[in-house]
Amino acid sequence: MTPTFMGRLNAARIQALLPTRTDVQAMGRQPRRDVVAGITVAIVALPLALGFGVSSGMGAEAGLVTAIVAGAIAALFGGSNLQVSGPTGAMTVVLVPVVHQFGPSGVLTVGLLAGVLLIALALARAGRYVRYVPVPVVEGFTVGIAAVIALQQIPTALGVPVPEGENVTLVAARAVADFAAAPRWPALAVALGVAVVMLLGARWRPVVPFSLFAVAVATIVIELTDLPVAPIGQLPATLPAPSLSFLDFSALGALLPSAVAIAALAALESLLSATIADAMSVDQRHDPDRELFGQGLANLVTPLFGGVPATAAIARTAVNVRSGAASRLAALTHAVALVLIVLAAAPLVAYIPVAALAGVLLATALRMVEVGSLAALARSTRRDALVMALTAVATLALDLVKAVILGLVLAGALALQAIARSTRVEEVALHADRPIGDHGEEERALLTEHIVAYRLDGPLFFAAAHRFLLELSEVADVRVVILRMSRVSTIDATGAHVLGDAITRLERRGIKVLLSGIRAGHDQVLSTLGVADHLRRDGLIFPDTPAAIAHARGHLRQSGLPPFSGMLRASPEPPG
């Protein structure tokens, strides 16, 4: 390849990662809904940003700056229309040891390095590979992070100085011992009160920002009663000016491992959050490489203003979607609203007690753990339960990147073992093994009736499941899709979840989905995880394909639907 050709290739690659005219046009379609959603997210994000800033060791100001700067840049340059970025609990888990060892300059430097790494991953088109992370690894990772976040809040919630040490479990134990020696009940009451209000409020009215309400009430009570609970302290009334003075080039080599961990965490959390946002919406689909580029740019710029490393926040993104966001304007509004809060209410924010923020993060950690989902996953298969448990324990005992690597290695080994066990030799009658051409007439008849039958062969586990989803999502111009499951050799939790996503996407497009030939062991996995429960309830799961085809034809006759004028773009398996 000539240098000129390579230059054009790189220019085209960079161009593909930049915002498009379509992004701008989308922001003008439903501006009122987006502005309302953005303001709602900002109200939810304020106490979280302050809390994560304090928890990271960099202070409330750093958390607020991160939510503003990273939130705006990632909204403009990221790959999702619905994503909201800022400081997160997972990041604080990585940052606390960096603060202890290298100080604030180390945190800012490591954030900038992580931004460079994320941009490099985007240019290398690495975004597609995150989708292969199995569901048990993600769930175990989430449980471990939630446990670490909760343990980090123990000293502040108890009102004692943070003991020395990097192991969060030992630090929390020492804080409990210090509290037992000299109890500080006001701080504990504030933290528990805020957490209880948030948890109960989320059950009663999920869309109401009870975190801000609880923090405001706690602040007023502390000020009126003059209880000995430490406040956040004075915040600047304006954003700090950008500066490179924090860079410590002598420590770049020592900080590189932490930068790799932060970049890996930002990539994983952002792309998982974008996937969840897609699933919560009807017609949204993110660009994984653009998402990495946007997060990289955000982490490259945010340290210049004194902010900590950022990533997409699943909780804030979910609030954004539920509030009716339709474009990037919502996330931009969230950043602008936080700027206005800094300009107008910085003196009031300074009075917020740190124990109240500890309560916010305790409740956030508890809400990260979906007990029902974990229980269902643990019951689905023993190997999924083992992967989830190992990842959770490793996240708590080691660090986040090592935990994910261990989870992936174990998931891969167990999946290969399942494939090896599922391999077998079967005696097949000659007439049952006819070539595809022998089914031509029946296949053409089904296509004329706009019924497509897909046969799933082999394992439906984490390594192959997403490819299946992408292929199935492209089916068009059909009324009924029959998924033939009799030749699925093994299915894990990720495969089951992806199957459920595929069914949901097809049904949202008005396509009726039927399942046939599910094996008993696989049906147990699906029912345990709640996949296709509505199909089972409505009698749309059949023992064999002929029964499913007969039902599909009956459904079309009863519906009286007119035939399509277009041609099928999918290449279905024959129905025999």
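Me: How many helices and strands does the secondary structure of the protein come to?

Reply: This is a predicted model. Its secondary structure comes to 23 helices and eight strands. Of its 576 residues, 52% count as buried.

Me: Why is V371 called exposed?

Reply: Exposed means over 50% relative accessible area. V371 has 62% relative accessibility, so V371 counts as exposed. V371 lies in helix α15, residues 371–380. Its C-alpha atom is 9.9 Å from that of V143, 228 residues apart along the chain.

Me: What makes R290 and D23 a salt bridge?

Reply: A salt bridge needs a side-chain nitrogen of Lys or Arg within 4 Å of a carboxyl oxygen of Asp or Glu. The closest N and O atoms of R290 and D23 are 3.0 Å apart, so the pair meets the cut-off of 4 Å. R290 lies in helix α11 (residues 288–301) and D23 in helix α2 (residues 21–27), so the salt bridge ties together parts 267 residues apart in sequence.

Me: How do you know that R328 and D23 also meet in a salt bridge?

Reply: Their N to O distance is 3.6 Å. The limit is 4 Å, so the pair counts. R328 lies in the loop between α12 (314–322) and α13 (329–349), and D23 in helix α2, so this pair ties together parts 305 residues apart in sequence. D23, R290 and R328 are thus linked in a network of salt bridges.

Me: Why is D23 called buried or exposed, and what about R328?

Reply: Buried means under 20% relative accessible area. D23 has 10%, so D23 is buried. R328 has 3% relative accessibility, so R328 is buried. R290 is buried too.

Me: Which other residues meet in a salt bridge?

Reply: The side chains of R536 and D523 do, at 2.8 Å, N to O. R536 lies in helix α22 (residues 533–537) and D523 in helix α21 (residues 520–528), so the pair ties together parts 13 residues apart in sequence. A search of the whole structure finds four salt bridges.

Me: Why is R536 called partly exposed?

Reply: Partly exposed lies between the 20% and 50% limits. R536 has a relative accessible area of 30%, so R536 is partly exposed. D523, with 26%, is therefore partly exposed as well.

Me: How do you know that the span of helix α20 is close to the expected one?

Reply: Helix α20, residues 493–508, has 16 residues. At 1.5 Å a residue, 22 Å is expected. The helix reaches 23 Å from its first C-alpha to its last, close to that value. Its buried residues include V498, L499, I503 and L506. G510 follows α20, with a positive phi near 80 degrees.

How values were computed. Residues are numbered from 1 along each chain as its sequence is written. This is a predicted model: local features need pLDDT of at least 70, side-chain atom pairs count only at pLDDT 80 or more; totals for chains, interfaces and linings use all residues. Side-chain values use heavy atoms; hydrogens and water are left out. Helices (H or I, at least four residues) and strands (E, at least two) are DSSP runs, numbered from the N terminus. The expected span of a helix is 1.5 Å times one less than its number of residues. Buried means under 20% relative accessible area, exposed over 50%, partly exposed in between (1.4 Å probe, protein chains only).
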